[in-house]
Amino acid sequence: MEIKKAAMAGTLESSDAQVTVEPGDNGIDLSIESSVIHQFGRQIKATVLETLSRLEVTDAKVTVVDKGALDCTLKARVECAVYRSNDITENLPWGGVIR
Amino acid sequence: MINAVGREIPEEILKITGKEPYQGAKAKDNYEFTRGAAKIHAMVDPARSKVVESIRGALEKCGIKDGMTISFHHHFREGDYVVNMVMEEIHKMGIKDLSICATSLGKAHDPIVPMIEDGTVTSIRSSGVRGKIGEAISSGKLKNLAIMCSHGGRVRAVESGEVHIDIAFIGAPSADEYGNLKANGGKSNCGVLSYAMADAQYADKVVAITDTLVPFPNVPASISMTNVDYVVVVDEIGNPAKIATGAAKPTTDMRKLRMADYCTQFVINTPYFKNGFSYQTGVGGASIASTISLAQEMEKRGIRMGFGVGGLTTPMCDLLERGLVDVLVDTQDFDLGAVESIQKHPDRHIEISASEYANPFNKGAYVNKLDFVILAALEVDINFNCNVVVGSDGVITGAQGGHPDTAAGAKCTIVIAPLLQGRIPAVCTNVTTVTTPGETVDVIITDYGIAINPKRQDLVECMKNTKLPIRTIEELRDMAYAIVGEPDPVQFGDRVVGIIEGRDGTIMDVVREIKPYEFKD
């Protein structure tokens, strides 16, 4: 998917993550800030990249501000932000690319 | 060298500190030594006054100079003004290279950080540090190694002469002009002065700082005039609202209530739960809830507690009110209820010294007589080692307190920890830093189940006919990792910034400098 405009999903509450996607043209430019970066930075990065790849997002600036979210939450926030950037808020592909 | 909890203690650190690696909880039993001693200036002339107009004046009379060791107590907790008042004057005088030997330091002492940065303070020994001092130490700003010691370990260091205090500053809620100090009877009452008692005896100079001067004699005194050189009267020694807070509301958190229930069920199914048993617990929500539910079982079964040890809170003092405990022995009061209780029941709520409480190097301390202690922990690993000092970000953020002392002494040491705090698992393969050795920890209670240390087959046997969810510690860890993933070890820099001192003075672990997280690809 193409990132058509800046979009955001999630909150800064404990155990959540706020994910922002913006249009980009030079691959994935990912920045991660996390309250649990030391112990889970590697996994957060892997989860976000895997989710973007599943959604076929190849060019984007992605900012994650994580407050200790579980992987399932991170995935959901990334998916939501990507679809919002395409103004898709209904008829989402549940069971398709959204697993 | 690898110590008895499997931690690598660099040779260089052993050399700098002159310390041995930790060799086991009972390795120093029967250890022989000669106690340290204070240098005394005799008070022969009855006409001489101890009252000094200002802190500055007292510092000058004590002959403060570069390189000295000064001490403080933490009974005023986050409401303390004494440390900052004294340090501000010392800073103004341009004194450098001081060692602070505190019983504990908290967020209230954030103003010390610039004095660490400019070399006024170059060594710190404390039960722990919170807030910005912790960050400063973990960022490598303190020139020398920080020593994190248990309450028993600190008083051991003072009494054995390992640490020699040049000047002790003792905040006293009430004092007379000759230095009889009480923990009550003033504006900022803290209940007891237990942690300051060894300092009063072993420091060369003792300065009492009070905001309430009362007629002589201020008795019964927690600290006697026989040990006090000077008395300074200031406007305020602390913020009463932060010294003794209102009693914490009983928790309504279902996870904590479940853990409290598991804890009570565990306790009553051990052979130690019988008339005259002894018990200590902390201030966490689950600990307080378990005290409340244990009281119900005691009433139901007609079982009385012989003595309770604290760090006390209102729920423990309620046991006294209800006649469920014979005596409380007290080293610190965490809320108003506890401060009031010691004044109301001077016959059964007794102030004890830190040495009586937990010193491994005297001729016997209360912790050795404990049946149960209920503790908390940031992390517990599959060897039952606990970490209560270093946070999941690698920063020093807590205090040993009496954790290792009570764990070593009690017949049944129970650690309560929710399996997950956000994404951080409380049960893990390897704790970031060992503060309390697993050989002294018997039971881990989480909201997902209970693990018993395999060396306590007697306790395993006791729980066979209960409905408690007994798991192995590895099973608890695996449950946690299945939900949050397996955590990576914290990335530290190379430099050692502090040591975790075992209660017997050996090195339990080292704490390294933090560094920014790096992605490794």
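**Starting from a helix in chain A**

Let's begin at helix H1 of chain A: the cover over its buried residues includes strand S3 (28-34), strand S4 (60-66) and helix H2 (71-85) of chain A, along with strand S20 (424-425) of chain B. Keep in mind that this is a predicted model.

Which residues of H1(A) are buried? The run at its start is Ile37(A), His38(A), Gln39(A), Phe40(A) and Gly41(A), and further along come Ile44(A), Thr47(A), Val48(A), Thr51(A) and Leu52(A). The helix itself takes in residues 37-54, and at Gln43(A) there's a bend of about 25°. Just past the end of H1(A), look for Glu56(A), whose phi is positive, at about 55°.

Now over to chain B, which has 16 helices and 26 strands. Its C-alpha trace spans about 70 × 60 × 45 Å along the principal axes. The radius of gyration is 23 Å, which agrees with the value near 24 Å for a compact globule of 521 residues. Of those 521 residues, 56% are buried. Take the contacts in chain B between residues at least 6 apart in sequence, and 74% of them link residues at least 24 apart.

What about the inside? The largest nonpolar core holds 187 residues, and the ones with the most contacts inside it are Ile170(B), Val207(B), Ile414(B), Val415(B) and Ile444(B). Domain 1 (48-243) and domain 2 (254-489) of chain B both contribute residues, so this core lies between them. Zoom in on Ile170(B): leaving aside residues up to four places away in sequence, its contacts include His73(B), Leu181(B), Asp199(B), Val207(B) and Ile223(B).

Terms used:
Residues numbered from 1 in each chain as written. Chains lettered and ligands numbered in written order. Predicted model: local features only at pLDDT ≥ 70, side-chain atom pairs only at ≥ 80, totals over all residues. Core = buried A, V, L, I, M, F, W, Y, C linked by C-beta atoms within 7 Å. Buried ≥ 20, exposed ≤ 12 C-beta atoms within 10 Å, placed from the backbone. Domains from an automatic or database assignment. Contact = placed C-beta atoms within 7 Å. Bend = angle between axes of the 7 residues up to and from the residue. Helix = DSSP H or I, 4+ residues; strand = E, 2+ residues; numbered from the N terminus. Rg over C-alpha atoms; globule rule 2.2 N^0.38 Å.
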